[in-house]
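Work through the following exercises with the sequence and the model at hand. Each task is followed by a solution in steps.

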Amino acid sequence: MDVATYMSELGQQARAASRAVARASTAERNQVLLATADALDAARAELVTANSKDLERGRENGLDSAMLDRLELTPDRVDTMIEGLRQVAALPDPVGVISDMTYRPSGIQVGKMRVPLGVIGIIYESRPNVTVEAASLCLKSGNATILRGGSEAIHSNQAIALCLKQGLAAAGLPEAAVQVVNTTDRAAVGELITMPQYVDVIVPRGGKGLIERISRDARVPVIKHLDGVCHVYIDSHADPEKALKVAVNSKTQRYGTCNTMETLLIDQEIAGDLLPLLAEQFRSKSVELRGCEQACAIVGDIVPATDADWHAEYLAPILAIRVVAGLDGAIEHINHYSSQHTESIITENYTRARRFLTEVDSSSVMVNASTRFADGFEYGLGAEIGISTDKIHARGPVGLEGLTSQKYVVFGDGHVRV
């Protein structure tokens with residue numbers, strides 16, 4: 001069977017299964033997740049065997065140590081997958097919730113009901129635990145899913161898929177509600193993202209190259225973000241102690257995440273006093289600093305920044321610093337260079353904070369808080385399938401509600417329009 005035919009069959013099966021998942025009760029969908037958790041716990045030996053095959057092949061193919069680390073299923077990571085399933089099962093079910101009910105002058109009641117998106121295609125790289133995370137969120141929100149993991153994790157993903165099938169069977173739901181693509185042929189991705197008759201939305205999780213390709217070629221709506229070029233702006237009305245604490249945490253709490261600060265902006269009125277203190281703290285954590293001309297003049301040994309630095313997502317202990325002409329200069333810089341992920345202002349001035357919240361065009365905008373809080377768990381979503389910087393129904397961290405849509409519902413009692 002060729003790849004196009006195979007993917008078409010997966011799509012047809014997923015579309016049929018999505019209807020069964022959508023009408024399943026909350027208890028049935030939770031049963032899938034809890035039974036899958038038990039199946040994973042019972043299949044630890046099989047998971048290790050499958051994962052060892054992927055690791056061995058990865059070493060033979062020259063995967064670097066960081067990629068091999070992401071690929072490995074350690075006992076702790078299996079524990080985390082199991083705990084994640086149980087946590088998602090405990091989350092409130094968004095499906096079927098009716099809101100905004102109002103009486104119209106005609107006497108009818110109009111409101112909105114949360115409904116599943118249908119079939120979600122998820123394309124991801126290396127980490128096999130994403131198979132469980134993605135499947136659990138899709139199932140809990142009433143969706144079927146087609147999962148296309150990286151070729152380097154094919155054996156691990158297939159072993160996890162068997163556990164998901166056991167969970168679905170335990171709740172009497174069709175196995176096709178979660179399908180893991182079993183071919184490593186890259187043509188499968190091209191087919192998956194061009195099947196709008198079967199797939200309602202695509203969620204790519206991986207490097208910028210993968211996401212750019214999906215965004216360019218997809219004929220299905222895509223929930224995605226390309227970069228995390230996040231900013232912290234320290235206003236002239238900032239509390240210096242808060243500014244130091246938030247800026248350092250935004251950059252150094254973790255370097256390789258999409259919500260890590262990559263550019264620090266500071267008001268020219270306070271830069272002379274505060275920037276040397278910031279530089280000292282960043283240097284103590286071995287962060288390389290690259291600055292504008294004014295920043296270099298204030299702190300002598302900063303590397304001069306180029307225009308490329310203002311666009312950069314370093315994902316490393318490197319920070320770009322720019323001295324700006326107040327709030328207007330900060331907003332202008334952010335809206336020009338930002339990837340619309342996460343931005344934060346440090347200020348004690350309410351009016352300036354409100355302007356920043358209103359005028360900065362990003363999916364998360366913060367006041368006196370670290371950009372590292374831009375996360376589904378920290379936002380109270382329980383879990384997330386990714387971050388969206390698009391301006392569609394889901395923006396920012398995408399949890400269960402982001403995997404649903406709304407439809408209007410109308411209640412009458414024999415009402416007719418006159």
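## Exercise 1: the parallel sheet

Task: In this predicted model, give the strand order of the sheet with 7 strands, and state which strands are its edges.

Solution. Step 1: the 7 strands are arranged as β10-β9-β11-β8-β7-β12-β13, in an open sheet with parallel pairing. Step 2: β10 (303-304) and β13 (364-367) are the edge strands, since each of them pairs on one side only.

## Exercise 2: the pair β7 and β8

Task: Determine how many bridges join β7 and β8, and which residues stand opposite each other.

Solution. Step 1: β7 covers residues 230-234 and β8 covers residues 261-267; the two pair in the parallel sense over 5 bridges. Step 2: valine 232 is placed opposite leucine 264 of β8. Step 3: histidine 231 has threonine 263 in β8 as its bridge partner.

## Exercise 3: what surrounds β8

Task: Is β8 enclosed or open to the outside, and which helices lie across it?

Solution. Step 1: a residue counts as buried under 20% relative accessible area. Step 2: in β8, 7 of the 7 residues are buried, so the strand is largely enclosed by the rest of the structure. Step 3: helix α10 (residues 240-252) lies across β7, β8, β11 (318-324) and β12 (342-346), and runs at about 160° to β8. Step 4: helix α11 (residues 268-284) lies across β7, β8, β9 (288-291) and β11, at about 145° to β8.

## Exercise 4: histidine 231

Task: Locate histidine 231, classify its exposure and list its contacts.

Solution. Step 1: histidine 231 is part of strand β7. Step 2: its relative accessibility is 0%, so histidine 231 counts as buried. Step 3: leaving aside residues up to four places away in sequence, histidine 231 touches Thr263, Leu265, His333, Ile334, Tyr337, Ser338, Thr342, Glu343, Ser344 and Thr371. Step 4: one of these contacts, Thr263, is also the bridge partner of histidine 231 in β8.

## Exercise 5: the antiparallel sheet

Task: Describe the sheet with 3 strands, and explain why one side of β1 and of β16 is left without a neighbour in the sheet.

Solution. Step 1: the order is β1-β2-β16, an open sheet with antiparallel pairing. Step 2: β1 (98-103) and β16 (404-411) are at the edges and have a single partner strand each, so one side of each lacks a neighbour in the sheet. Step 3: from one strand to the next, the twist averages 20°. Step 4: β1 and β2 (residues 109-116) run antiparallel and are joined by 4 bridges. Step 5: isoleucine 98 stands opposite methionine 113 in β2.

## Exercise 6: cavity and pocket

Task: Characterise the largest cavity and the second largest pocket by volume, lining and residue class.

Solution. Step 1: there is 1 cavity of 30 Å³ or more, and the largest cavity holds about 40 Å³ of space. Step 2: its lining consists of Arg148, Gly149, Gly150, Ser151, Ile154, Asn157, Val180, Val181, Thr183 and Thr184. Step 3: sorted by class, this lining has 3 nonpolar, 6 polar and 1 charged residues.

Step 4: the second largest pocket has a volume of about 280 Å³. Step 5: the residues lining this pocket include Ile123, Tyr124, Glu125, Leu210 and Arg213. Step 6: β3 (119-124) and α9 (208-217) each contribute at least two residues to that lining. Step 7: by class, the pocket lining has 4 nonpolar, 3 polar and 5 charged residues. Step 8: Arg148, Gly150, Ser151 and Thr184 are found in the lining of the cavity and also in that of the pocket.

Key:
Residues are numbered from 1 along each chain as its sequence is written. This is a predicted model: local features need pLDDT of at least 70, side-chain atom pairs count only at pLDDT 80 or more; totals for chains, interfaces and linings use all residues. Side-chain values use heavy atoms; hydrogens and water are left out. On a 1 Å grid over the protein atoms alone, a cavity is a set of points where a 1.4 Å probe fits but cannot get out, and a pocket is an open set with protein on both sides within 12 Å along at least five of seven lines; lining residues have an atom within 4 Å of a point. Grid points are joined across faces, edges and corners, and a volume is the space filled by probe spheres set on the points. Ala, Val, Leu, Ile, Met, Phe, Trp, Tyr, Cys and Pro count as nonpolar, Asp, Glu, Lys and Arg as charged, and the others, Gly among them, as polar. Two strands pair if DSSP finds at least two bridges between them. Contact means heavy atoms within 4.5 Å. Axes are lines fitted to C-alpha atoms, for helices over the stretch in contact, and angles run from 0 to 180 degrees between N-to-C directions. Buried means under 20% relative accessible area, exposed over 50%, partly exposed in between (1.4 Å probe, protein chains only).
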